[in-house]
Amino acid sequence: MQAGLDARHLTKYYSAVPAIRDVSFTLAPGTILGLLGPNGSGKSTTVSLLTGLREPSAGQVWFDGRNIADGLVEYKARVGYVSEEAHLYTFLSAREHLDLIGRLRRLPSHLMTHKIATLLDLFGLTGAADQPISGYSKGMKQKVLLIAALLHDPDLLILDEPESGLDLTAGLMLRHLIPILAARGKTILYSSHVLDHVERVCAEVVVLHHGRIVAEGRVSQLRAMTQRNASLEDVIAQLVTTVDPAGTARDIADVAGLRA
Amino acid sequence: MRAFTGDDDAATGRLVTRLFLRRLIDNDVISPHADRHESLAVLCALVVSLAVFVTFFVSTDYLAAFIQLPGPTALHALSDRFLFVSASIAVSALAALMVWDALALEPRDAAILGPLPIPARTITRAKLAAALVFGTVFAFALNAVPSVLYPVFLTLNMRGMNGRGILQLIVGHATSVVMAGLVGFFGVLAARGVLRLMVGERGFRHVSSTVQSSLVVCMVTALLLAPTVRAAVVRDWVAGVMPARWPAVPVLWYLGVNETLAGHIVAETPIVPPPRFSLVAFPRQQDDASRAAYRVLAPRFAALARRAWLSVPVVTFLAIVTFLWNNRRLPDQAAGGRARSRLRASVRRMAEWATDGNPETQAGFFFTWQTLTRSVPHRTIVAIAVAAGSTHLLMALATTGAHRLAISSMPLGLLGINILALASLMAGFRYAVTVPAALASNWTIRLAWLGDERGYLAGVKRAAIVGLVTVPLLVLLPLHVAVFGFAIAVVHSIYGFMLAIAMLDVLFLGYRQFPFACSYVPVENPKLLWPTGLAAVLFVSYGFADVERLALQSATRTVALGAALGAIVLLVKIIDRTTRRERRPVNFDERPALATQRLGLFERMVHPD
């Protein structure tokens, strides 16, 4: 039985349009995998299949030797997920939202109350914990999502742009937190646009482009594939960029500078 | 950089007004997740079909008449016009209440438009213009069909009426009901502005939702009462036996407008009998007497009309002034006020007591409580259900009065007050759970849910039992004590409690969704289901009231009815528990049938004749 996460030939069609095709990778416990790719590459679709929120058109997701489709609820009980868009019940306060999530996950009352209060404090949200989420900034909403994902001590953490909107301190804390969780045996998938963060946090990456995997492996291997001393940003740029970024930037500046 | 000029300001204002109007329709009238064209088409179809139905229903007497006598028609039409005017006021006010939050500048407006080089006054004026245009267009759209159809139906069998007269009637009717609609819409805008002015921004944030819900209850109650009370109000006013009560007074103002503009046209129409037909003396005398009675009313109509003509500019002025003053600065984007911790603590204690410490039951209980009190669509559904119950209460009290009577001669209407109120609340609640709390946020519950909805559903039901059964019964208890005496009032409330629990369980017997967290799927056949449901509610309420009246006459029968109700509650719970043993997957993303399928076109295409 293979422990960890195993995505096998995942394919997803929306109507007749393929979003991802034949995406396969494995992720062992205690490791952090970076999922990279430009906008529209299929990252969010892949993440939604891995969380079990969508069903694949073909292929399977296995976790700890079991097809998640055979026990989706048990699987979700072990997953913590931070979504790309911070869609939350805005008429609730952060504490109420976390109470709801904790209760649905059947956390014992005293443990839940203690965890919520402590995590809110550690994330610097205690002062706003009883205000409606509708008044929160993007970073505050992101912190609520992170707490909700960590509340039940999940075995698998799926983080989709987790640093989005976070302030400098919270971002740094997150970058320290992820390796600590991995060292405690958690399996972590980290999807992000910010290659600098991925490079610091993840040892291995999968690069998606047009719904297919165009590269995968250790960051050092990817660098070796292209040129010496290249940053991950340069590697990804070579793999998925079809336009000349410098030239396009000049064009944008020219158009922006047009006057009547 | 070119400096902003007055022309730029006007152009920007028009652009921002269009933006606000578009968002008012896209985000506030229909769901931002819905298809705008389909939703608007359905809304328009609903308004037009309802208008046609009501106009036809009101006009059946005129359409069925062989010879329409102008005198009696002029008097009879007064109560019809009372209905049209009151409906116009109430529905327009409800439209304003539906977009309550969008009737002022919001933090999202400041977030989007604040950084742009647009003067704050332009944004404020654009928002005001959008609200005024929306209200005006709504008032016209709502009244367009009845304004044409009703005068035509009214005079269809009146041979002495000519085309010019009908046109004048249409103009008179349209003027009065549109004025009423404008006052309904702008009245809410003005009331909102005055309240905001009086209690300040922070205070308004606290009371806004309560005021909105209360006004929804008042308007829906008025709308439901209007068809019943219209004849009596107009008859009393015409006879001058008693002054009209306040809620009816503004309606009479606009009735005055219609009558001064065009009412005399009907009353002065000559009688033209059909060929080879002569009118006998009695109907002619009756017609003459009615015409004379109508002519006497003319000065009173003129006095009413003067108030109506004054009311529109006064209300509009008040709405504009308070709006401009309250929105003279762009709203602060600061977070909302701190939740009231004392209330939260007492709700928490109540939930812990009511949920046996089961976390999923607590989740269901709290989330139901929070959604019903804070989510605008859910609050509105509950307010409408409360209004339906209140309407029956007012009608029962108006008919029989709150006098103590022997139980054997107690009117069924009084005995049915709490059952009908609870039945409408249960029906409203059953509908409310099908509406998602926030569609885009459903994923949070889907991911956290551990696959067994029974505990959560039990919490949802318990929240309803506390908030929608126990609280209304406690509110009604003083009235019941006054009418029935203490002992019978308590027994009556216990009966109501037991029946409400049984109704709640019955309504959820076939429910296999996750309350507030599944996509909304409209009922397949509302034309059949809603009237059937209404008939069932009336049948159960009055049937039970009859049985209760019989039972309460002796102690033995009282206990027997209590035992029977207990057995029913138990039986329903056993059935519910048995049917829920089989675990079925919950479909969170169920979609409604396509429009073509609903119309049966798809089947036609697949199986052509």
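A residue is called buried when its relative accessible area is under 20%, exposed when the area is over 50%, and partly exposed in between, with a 1.4 Å probe and protein chains only as cover. This is a predicted model, in which local features need pLDDT of at least 70 and side-chain atom pairs count only at pLDDT 80 or more, while totals for chains, interfaces and linings use all residues. Residues are numbered from 1 along each chain as its sequence is written, chains are lettered from A and ligands numbered from 1 in the order in which they are written, and side-chain values use heavy atoms, with hydrogens and water left out.

**Exercise 1.** Work out whether B:F516 is buried or exposed, and state where B:F516 lies.

Solution. Begin with the place: B:F516 lies in the loop between α18 (486–507) and α19 (526–551) of chain B, where helices (H or I, at least four residues) and strands (E, at least two) are DSSP runs, numbered from the N terminus. Next take the relative accessibility of B:F516, which is 1%, so this residue counts as buried. Finally, look at the backbone: B:F516 has a positive phi of about 65°, although it is not a glycine.

**Exercise 2.** Treat A:R106 in the same steps, and decide which class of accessibility A:R106 belongs to.

Solution. A:R106 is placed in the loop between α3 and α4 (109–122) of chain A, and its phi is near 55°, a positive value in a residue other than glycine. Because its relative accessibility is 39%, A:R106 counts as partly exposed. The helix just before it, α3 (residues 94–104) of chain A, has 10 of its 11 residues buried, so this helix is largely enclosed by the rest of the structure; among the buried residues are A:H97, A:D99 and A:R103.

**Exercise 3.** Explain why strand β3 (residues 32–36) of chain A is described as largely enclosed, and find which strands pair with β3(A).

Solution. Count first: five of the five residues of β3(A) are buried, so the strand is largely enclosed by the rest of the structure. In a regular strand the side chains alternate between the two faces of the sheet. On one side of β3(A) the buried residues are A:I32, A:G34 and A:L36, and on the other they are A:L33 and A:L35. Then look for partners, remembering that two strands pair if DSSP finds at least two bridges between them. β3(A) pairs in the parallel sense with β8 (residues 187–191) of chain A over four bridges, and four bridges also join β3(A) to β9 (residues 204–209) of chain A, again in parallel. A:G34 has A:Y190 as its bridge partner in β8(A), and A:G34 stands opposite A:V205 in β9(A).

**Exercise 4.** Check whether the span of helix α13 (residues 376–400) of chain B agrees or disagrees with the expected value.

Solution. The expected span of a helix is 1.5 Å times one less than its number of residues. For the 25 residues of α13(B) this gives 36 Å, and the end C-alpha atoms are 36 Å apart, so the two values agree. After the helix comes B:G401, whose phi is positive, near 80°.

**Exercise 5.** State how many disulfides the structure holds, and classify A:C202 and B:C218 as buried or partly exposed.

Solution. A disulfide is a pair of cysteine sulfur atoms within 2.5 Å, and the structure holds zero disulfides over all chains. A:C202, with a relative accessible area of 5%, is buried, whereas B:C218, at 44%, is partly exposed.
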